[in-house]
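Please read the following report with the structure open beside it, and find each residue as it is named. The report moves from the backbone to helix packing and then to aromatic rings.

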Amino acid sequence: MAVDIIMPKLGLTMTEGTILRWIKQDGDKVEKGEAVLEIMTDKTTMEIESPGSGVLRVIATEGSTVPILEVVGRITVDEDAAGDEGLPAAESTLTESNLAANGRRQAATEGQGERLTCAEPTAPADVESSSSQPLLGDSAAEAVPVKSSPAARRAAKELGLTDCEFRSIRGTGPGGRIVEEDVRAAASKHAARIAQHDNTQNARGTGDQPQVVPLTGVRGLIAERMSRSAREAPQFHVTVEMCLDQLVNLRKELLPEIERSHSVRISYTGMLVKIVAEALKGFPTLNSFVNDREVRVQPEVNIGVAVDSSAGLTVPTIYGARAKSVADICLELNDLVKRARDGSLLPDDLAGGTFTISNLGMLGVDEFAAILNPPQAAILAVGRFKPQLYLEDRGIVAHSVAAFTLTCDHRAADGALAARFLKRIEEIVRGDEAGLRSLLC
């Protein structure tokens with residue numbers, strides 16, 4: 001009996017996922033509901049739980065990119081049958097709906113690899129030729145089961161043999177089955193190689209050598225997406241310093257009122273989400289997705305908000321921001337930020353953004369330019385709200401100001417359009433108080 005572990009579909013736009021790592025290894029016993037592997041989509045990383053109890057068979061190796069609903073592993077409930085006869089046909093397959101629930105929530109942000117398919121079992125290779133074989137995970141074909149006894153697999157695990165080394169052993173049991181004695185005899189021939197490999201690994205990050213930090217997981221996804229953005233999208237930046245006196249004063253007035261009515265403390269970021277969504281009305285090009293051949297204007301305004309978390313940068317989405325009140329936006333934003341920081345965002349929380357706001361003002365940053373979040377056409381970076389002195393007709397006057405920097409994909413928008421958009425934002429925040437109050441309440 002067996003049940004397949006399948007690459008789940010975790011979002012509407014997900015077509016494939018990458019095997020970040022197998023938490024459990026080939027041949028390990030696992031319990032139903034136990035986390036067995038970690039996958040990464042273009043939005044998030046997530047642990048996948050075992051759909052049954054039994055022995056794990058790894059099919060897709062770490063680093064592989066696999067289409068959704070394709071088998072990446074298998075749980076067999078009869079260890080001897082799995083080892084002696086190869087994998088039986090799967091008796092059940094997870095449905096798309098329960099796969100969506102199979103993942104354990106984890107914070108987000110793609111590794112590279114090859115698409116894998118199941119390979120036919122291969123005959124055991126000659127042990128003398130094993131030294132030229134790659135390590136575990138270098139080849140999809142290595143995921144095919146070999147004939148071996150449970151004692152042989154336990155001995156291989158005890159001796160620290162890699163999967164490839166194990167597969168290279170010539171079995172002396174019935175039908176070429178690998179037995180425990182074969183493993184122990186082969187282990188001594190691999191000892192020098194294993195020691196050399198371990199010494200190389202241990203040398204990393206010690207002494208005067210630089211520490212090597214692989215770009216994997218969330219950091220790897222951020223690296224891939226930002227590299228793609230810088231490589232594929234010609235970007236330009238336009239900055240305007242805006243006077244925010246009216247916005248600051250209005251927030252002071254609205255704070256107690258909205259706290260009483262909605263039990264939420266409104267934030268500048270929440271207010272800006274609403275203001276930007278309103279400003280995008282007249283600038284549909286800035287609310288679009290861009291590729292080499294087209295600019296696809298999005299019908300909905302979904303504002304992504306950049307959030308710093310222990311797992312790295314995440315951008316949860318406020319869907320339909322134009323139709324929501326500031327209080328509702330702040331309530332939703334608070335929940336998203338909390339879940340981004342405790343690692344419980346869902347894939348759909350991170351999908352669907354059509355425009356992004358990044359606010360580093362709370363960290364004391366006066367001005368910065370953000371990199372586009374592909375495939376979006378624009379992103380707005382907001383600096384610190386700070387007092388600044390101006391010489392006016394009535395003398396020296398202090399105003400609250402902040403720098404707004406818009407980054408645009410030049411394939412979709414030009415500098416004049418970006419400047420007009422920033423001008424529109426400024427008109428809203430510096431317009432008549434009644435209009436601003438009406439928008440935000």
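In which loop is Ser263 found? In this predicted model, Ser263 is found in the loop between H7 and H8. The phi angle of Ser263 is near 55°, a positive value in a residue other than glycine, and Ser263 counts as exposed because its relative accessibility is 63%.

Another residue with a positive phi is Leu69, where the angle is near 70°. Leu69 lies in the loop between strand E7 (65-67) and strand E8 (71-76), and with a relative accessibility of 41% it counts as partly exposed. Most residues other than glycine have a negative phi, and most peptide bonds are trans. With that in mind, the bond joining Pro374 and Pro375 also deserves attention, since this peptide bond is cis, with omega at about 10°. Pro375 is found in the loop between strand E17 (355-359) and E18.

The next topic is the packing of two helices. Helix H7 (residues 245-262) packs against helix H11 (residues 433-440) at an angle of about 45°, and their axes are 11 Å apart. This angle makes H7 oblique to H11, and H7 passes H11 in a right-handed crossing. On the side of H7 the contact is made by Gln246, Leu247, Leu250, Glu253, Leu254 and Glu257, while H11 contributes Glu433, Leu436, Arg437 and Leu440. The residues of this contact divide into five nonpolar, one polar and four charged.

The last topic is the aromatic rings, for which a search of the whole structure finds three aromatic pairs. Two of these pairs are described in the table.

| Pair | Centre to centre | Angle between planes | Arrangement |
|---|---|---|---|
| Tyr268 and Phe385 | 4.5 Å | 40° | tilted |
| Phe283 and Phe421 | 5.4 Å | 75° | edge-to-face |

The pair of Tyr268 and Phe385 links distant parts of the chain, 117 residues apart, with Tyr268 in helix H8 (residues 268-279) and Phe385 in the loop between strand E18 (378-382) and strand E19 (386-392). Tyr268 is partly exposed, at 21% relative accessibility, and Phe385 is partly exposed with a relative accessible area of 21%.

The pair of Phe283 and Phe421 also links distant parts of the chain, 138 residues apart: Phe283 is in the loop between H8 and strand E11 (288-290), and Phe421 is in helix H10 (residues 415-430). Phe283 is buried, with a relative accessible area of 12%, and Phe421 counts as buried at 0% relative accessibility. Ring pairs link Phe283, Phe355 and Phe421 into a cluster.

How values were computed:
Residues numbered from 1 in each chain as written. Predicted model: local features only at pLDDT ≥ 70, side-chain atom pairs only at ≥ 80, totals over all residues. Heavy atoms only, no water. Axes fitted to C-alpha atoms, helices over the stretch in contact; angles between N-to-C directions. Helix = DSSP H or I, 4+ residues; strand = E, 2+ residues; numbered from the N terminus. Parallel < 35°, antiparallel > 145°, perpendicular 65-115°, else oblique. Left-handed = near helix turned anticlockwise from the far one by under 90°. Contact = heavy atoms within 4.5 Å. Nonpolar A, V, L, I, M, F, W, Y, C, P; charged D, E, K, R; others polar. Phe/Tyr/Trp six-rings, centres within 6.5 Å; stacked < 30°, edge-to-face > 60°. Buried < 20%, exposed > 50% of the residue type's maximum accessible area, 1.4 Å probe, protein only.
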